[in-house]
Amino acid sequence: RILSKMAEIALLQQIIARLSAIEAKISINSGDSNENTTNSEVSLPASIVAYDAYCSTFLNPFIDACTALGGDANSVGKVIKEAWGSLRDFLLMAANCKEPSDQKLLQPFLAPISDKMKEAKNLIQRNEWEKHTKTCSEGIGCLNWVLVKPAPRDFIESFVGGSDYWSNGIRKEFRLTSPQQMAFCDGFKTLLLELMAYVKSHHTTGVAWNSTKKGLEVGQYNPADIAAAAPTPVAAGTAGTAVGTSNPAASSIPQVPKADLFGALNKGGAITAGLKTVTKDMQTWRSEFKETAPAPVVVKKAPTARPTETPKGPPKLFFQEDSSKWLVECQTGPAEVVIGDKRETVYIFGCIGATIEIRGKCKSIIVDSCKRTRVVFDMAMASCEVVNCQRINVEVREGGSVSAVAIDKTDGIVVTLSASSLETEIVASKSSEMNVAWPDVKTGDMVEKPIPEQYVHRIDPNTLTVSANVSDLYGH
């Protein structure tokens, strides 16, 4: 509703009072608009303000999780807290100094971070906290991003996987029994991921140094004298500059004398005298919101249909007598191959969404460059090879067998064995999402298990050999 004249005057008086309070706080006077601010009013650089917010949101919850667990988890949590504090000291120095040409000048500021990395590594022991300390020891190395150019964010990301390897072991052991353990794992991973986001925003190509004339030389920097340093520039994208700093762009903007501003505000209700009166016939919203006005028609975009993937050539199914080979190519539906002699081989290529049934005893089967294809057969004396495929099902019928199944460069395969083919060997390389299924000899129910993709390798200096053991992720 429209305010009365008295209400307008009261509102303007409140505005004048607030402006006067702001003027007194920042020590502005009409005689010298360029007076420098006092040391206590120098604001922190935007990158440090953002870093403090990051630590408050993500570091503190992780430290709380470490404290709740106690033991070595609490000890490594203290090391992490101090390391992140040392990183803040380094970034604060960088925000107030010019980048030095001699990197040796940075050693006194990098030493506390390096010491915390060594301390985290020394906490590792063969006890119940081994995975916790290794999780943090692997991740704390990411703080070396301050020396990396031009992609410090990617450098941090390279440490997430190593830390995850040990935290996954904790997740597997305590997933259903201890929320505190899960909070430790999730908290540390989030701490690293959010550090990547912070670095991407404020240190995209490397540590952001103070390249202005106000920047100090690293050798002159003293944390105790930060308050006496020149005001730091306001972060890019904010309006204006810090009080007392010189900004050529801002100097070109016409300045309104404060006496005229306060004089205009002191007019009270007369300040609105120059405003134009808007009559009802000038208000367009009335016609737009009449009940008789037709509702706007919302045009819905038709969903874009995904192109159907088709084979690269015409479907083929024929037998080459000179090489005793069946060629099954570019099939998209059911296809059947009937073996006449056990020396015959079957080569299946480029099929998409097909079901290939092979009846009889053959020498070998090769499935090459197929997608979403199912291959069912009775018996292959040598092997069944699957190469360059995606989403493949290979099944051995009841009573049939195959000596070996070889999987190479394939993403997504299920090998289903019958009770008569449980001695089949499976050889896999450069493949992922592999499973094998077979009937339980006691109950007859089908059992499906993943084929390991991750291994732990260790060097034995005595025998000069490298051992390979399946990762604990596949221990179930």
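Contact here means that heavy atoms lie within 4.5 Å of each other. With that in hand, welcome to a quick tour of this predicted model. The protein chain has 476 residues, and 34% of them are buried. Its secondary structure comes to 10 helices and 14 strands. Among the contacts with a separation of 6 or more, 38% join residues 24 or more positions apart.

**A pair of helices: α3 and α7**

- Helix α3 covers residues 71-96 and helix α7 covers residues 179-202; their axes come within 13 Å and cross at roughly 10°.
- Angles under 35 degrees count as roughly parallel, and α3 and α7 are therefore roughly parallel to each other.
- On the α3 side, the residues that meet α7 are Ile80, Trp84 and Leu91.
- Their partners in α7 are Phe188, Leu191, Leu192, Leu195 and Tyr198.
- By class, this contact of α3 with α7 divides into 8 nonpolar residues, with no polar and no charged ones.

**The second largest pocket**

- If you like to look at pockets, the second largest one holds about 380 Å³ of space.
- Its lining is made of 17 residues, and the closest to the pocket centre are Lys131, Tyr165, Trp166, Arg458 and Asp472.
- Two helices, α5 (130-140) and α6 (152-174), and two strands, β13 (455-460) and β14 (465-470), each give two or more residues to this lining.
- Helix α6 gives the most to the lining, with 5 residues.
- Sorted by class, the lining of the second largest pocket has 7 charged, 5 polar and 5 nonpolar residues.

**Lys371 and its surroundings**

- Lys371 sits in strand β7, which runs over residues 371-387.
- Its relative accessibility is 26%, so Lys371 counts as partly exposed, given that the partly exposed class lies between 20% and 50%.
- Leaving aside residues up to four places away in sequence, Lys371 touches Glu309, Cys351, Ile352, Gly353, Gln390, Arg391 and Ile392.
- One of these partners, Glu309, is 62 residues from Lys371 in sequence, with a C-alpha to C-alpha distance of 9.8 Å.

**Backbone points to check by eye**

- The peptide bond from Lys149 to Pro150 is cis, with omega near 0°.
- Pro150 is placed in the loop between α5 and α6, and both of those helices give residues to the lining of the second largest pocket.
- Asn388 has a phi near 55°, a positive value in a residue other than glycine.
- You will find Asn388 in the loop between β7 and β8 (390-408).
- With a relative accessible area of 39%, Asn388 is partly exposed.
- Lys409 is not a glycine either, yet it has a positive phi of about 50°.
- The place of Lys409 is the loop between β8 and β9 (411-416).
- Lys409 has 43% relative accessibility and therefore counts as partly exposed.

Methods. Residues numbered from 1 in each chain as written. Predicted model: local features only at pLDDT ≥ 70, side-chain atom pairs only at ≥ 80, totals over all residues. Heavy atoms only, no water. Axes fitted to C-alpha atoms, helices over the stretch in contact; angles between N-to-C directions. Helix = DSSP H or I, 4+ residues; strand = E, 2+ residues; numbered from the N terminus. Parallel < 35°, antiparallel > 145°, perpendicular 65-115°, else oblique. Nonpolar A, V, L, I, M, F, W, Y, C, P; charged D, E, K, R; others polar. 1 Å grid on protein atoms, 1.4 Å probe; cavity = no way out; pocket = protein on both sides within 12 Å on 5 of 7 lines; lining within 4 Å. Points joined across faces, edges and corners; volume = space filled by probe spheres on them. Buried < 20%, exposed > 50% of the residue type's maximum accessible area, 1.4 Å probe, protein only.
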